[in-house]
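Visitor: I should like a close look at a single part of this structure. Please take one strand and follow it outward through its neighbours.

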Amino acid sequence: MWQAEHVRARLTLLYPQCSVEILGMTTRGDQILDRTLSKVGGKGLFVKELEVAMAEGRADLAVHSLKDVPMELPEGYALAAVLEREDPRDAFVSNDYASLAELPPGAVVGTSSLRRQSLIAARYPQLVIKPLRGNLDTRLGKLDRGDYAAIILAAAGLKRLGLPERIRALLAPEDSLPAAGQGAMAIEIAERADGVDLRALLAPLNHLATAQAVTAERKVSKVFGGSCQVPLAAFATVADGQMHLRAMVATPDGSRMASAEVRGAADTAEQLGEAVAKLLAEQDAVSILSVCLAEVVADPQAATDAAPDA
Ligand SMILES: NCc1[nH]cc(CCC(=O)O)c1CC(=O)O
């Protein structure tokens with residue numbers, strides 16, 4: 001809702017003659033909270049209902065957290081604009097500890113993200129990771145109730161909702177490489193018969209450097225299946241037209257990991273994404289991920305106790 005309100009405010013400034021109405025919706029991803037996303041299964045858990053609303057003419061555009069948008073959209077849908085990125089980092093949130101390093105052995109850390117889980121398991125094997133789902137208030141409530149010693153959340157959500165003081169530490173990309181698209185919002189549109197060029201109308205909201213960064217990140221994710229069942233990170237920064245793209249794949253227990261980085265012209269985002277994917281593949285990324293997928297097939301219960309970025 002915050003994101004939709006934000007887009008409404010931007011559009012109202014741009015087009016004062018237009019009235020922008022918000023159609024509040026929940027998706028399967030919002031409704032099913034007793035299971036991690038990989039256990040719920042399927043792609044587009046946070047976008048499908050919004051696409052249906054557009055297909056039925058009840059909505060003209062859909063506002064998403066880009067991290068939740070599948071790498072490939074269904075026929076007839078497109079991303080029309082990517083807004084300027086909020087802080088893309090993961091945040092360490094705790095009432096009693098200042099950082100992951102301070103947590104005592106056996107301390108329980110909440111996250112339902114396979115990516116965050118494998119990074120923590122690799123660096124802090126003495127910590128216990130437990131699933132955590134729900135919206136921000138729910139997750140913070142569970143922390144405050146004492147269910148967890150600490151939780152890991154996207155900094156972007158906490159900042160947008162005016163809760164930056166809950167962040168005890170921001171995890172550097174070197175320690176916790178963000179998920180593809182984390183911190184960015186995207187506006188999705190559907191093909192329409194009335195000839196209105198929504199893409200052109202929304203173009204002023206597109207933030208070029210962010211769009212380039214997430215194009216590269218999403219390309220990496222797409223090469224490896226863009227699935228919700230593998231720990232994959234992809235994070236790009238753009239400065240002066242130059243991109244720095246880093247990516248990582250791992251097993252959920254953090255025992256095997258591949259990482260790679262490239263630099264190049266930001267307007268070659270797709271190629272940079274492909275180049276990083278190739279470097280990862282040369283480091284056995286496919287076998288690392290297939291171990292993970294094999295576990296999912298062999299034991300759906302055990303292997304799906306976490307989703308990449310639930
Ligand atoms: N469904 C998970 C999700 N999708 C987007 C965000 C955070 C906001 C963002 O990345 O823009 C979150 C929660 C989290 O990772 O803590």
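Guide: In this predicted model, strand S6 sends Ala150, Ile152 and Ala154 one way and Ile151 and Leu153 the other way, and all of these residues are buried. The strand is accordingly described as mostly covered, with 5 of its 5 residues buried.

The setting of S6 is an open sheet of 5 strands, in the order S5-S4-S6-S3-S7 and with mixed pairing. Strand S5 (128-130) and strand S7 (169-170) stand at the edges of this sheet; each has a single partner strand, so one side of each is left without a neighbour in the sheet.

On one flank, S6 (residues 150-154) is joined to strand S4 (residues 108-110) by 2 bridges, and the two strands run parallel. Within that pairing, Val109 has Ala150 of S6 as its bridge partner. Helix H5 (residues 114-123) packs on the sheet, where it touches strand S3 (90-93), S4, S5 and S6. The direction of H5 makes about 170° with that of S5. A further helix, H6 (residues 136-144), lies across S3, S4 and S6 and runs at about 165° to S6.

On the other flank, S3 and S6 run antiparallel and are joined by 4 bridges. Two of the residue pairs may be named here: Val93 is the bridge partner of Ile151 in S6, and Phe92 is that of Ile152. The partner strand S3 is itself covered on both faces, with Asp90 and Phe92 buried on one side and Ala91 and Val93 buried on the other. Pairing continues from S3 to the edge strand S7, in the antiparallel sense and over 2 bridges. There, Ala91 has Leu170 of S7 as its bridge partner.

The end of S6 also leads to the ligand. Of the 11 residues around the ligand, those that come nearest are Ser65, Leu153, Ala154, Ala156 and Gln182. S6 and helix H7 (155-160) are the elements that give two or more residues to this shell. By character, the shell residues divide into 4 nonpolar, 4 polar and 3 charged. Leu153 and Ala154 thus have two roles in this description: they are buried residues of S6 that point opposite ways from the strand, and they are among the residues that come nearest to the ligand.

For comparison, one may turn to a region elsewhere in the chain. Thr268 is placed in the loop between strand S11 (257-265) and helix H10. This residue counts as partly exposed because it has 15 C-beta neighbours inside 10 Å. From Arg123, Thr268 is 145 residues away in sequence and 33 Å away in space, C-alpha to C-alpha. Helix H10 (residues 269-282) has 14 residues and reaches 20 Å from its first C-alpha to its last, close to the 20 Å expected at 1.5 Å a residue. Its buried residues are Ala269, Leu272, Gly273, Ala275, Val276, Ala277 and Leu280. An α-helix has 3.6 residues a turn, so residues three or four places apart point the same way. Just after H10, Asp284 takes a positive phi of about 75°.

Methods:
Residues are numbered from 1 along each chain as its sequence is written. This is a predicted model: local features need pLDDT of at least 70, side-chain atom pairs count only at pLDDT 80 or more; totals for chains, interfaces and linings use all residues. The expected span of a helix is 1.5 Å times one less than its number of residues. A residue is buried if 20 or more other C-beta atoms lie within 10 Å of its own, exposed if 12 or fewer, and partly exposed in between; C-beta atoms are placed from the backbone. Two strands pair if DSSP finds at least two bridges between them. Two residues are in contact if their C-beta atoms, placed from the backbone, lie within 7 Å. Axes are lines fitted to C-alpha atoms, for helices over the stretch in contact, and angles run from 0 to 180 degrees between N-to-C directions. A residue is near a molecule or strand if its C-beta atom, placed from the backbone, lies within 6 Å of it. Ala, Val, Leu, Ile, Met, Phe, Trp, Tyr, Cys and Pro count as nonpolar, Asp, Glu, Lys and Arg as charged, and the others, Gly among them, as polar.
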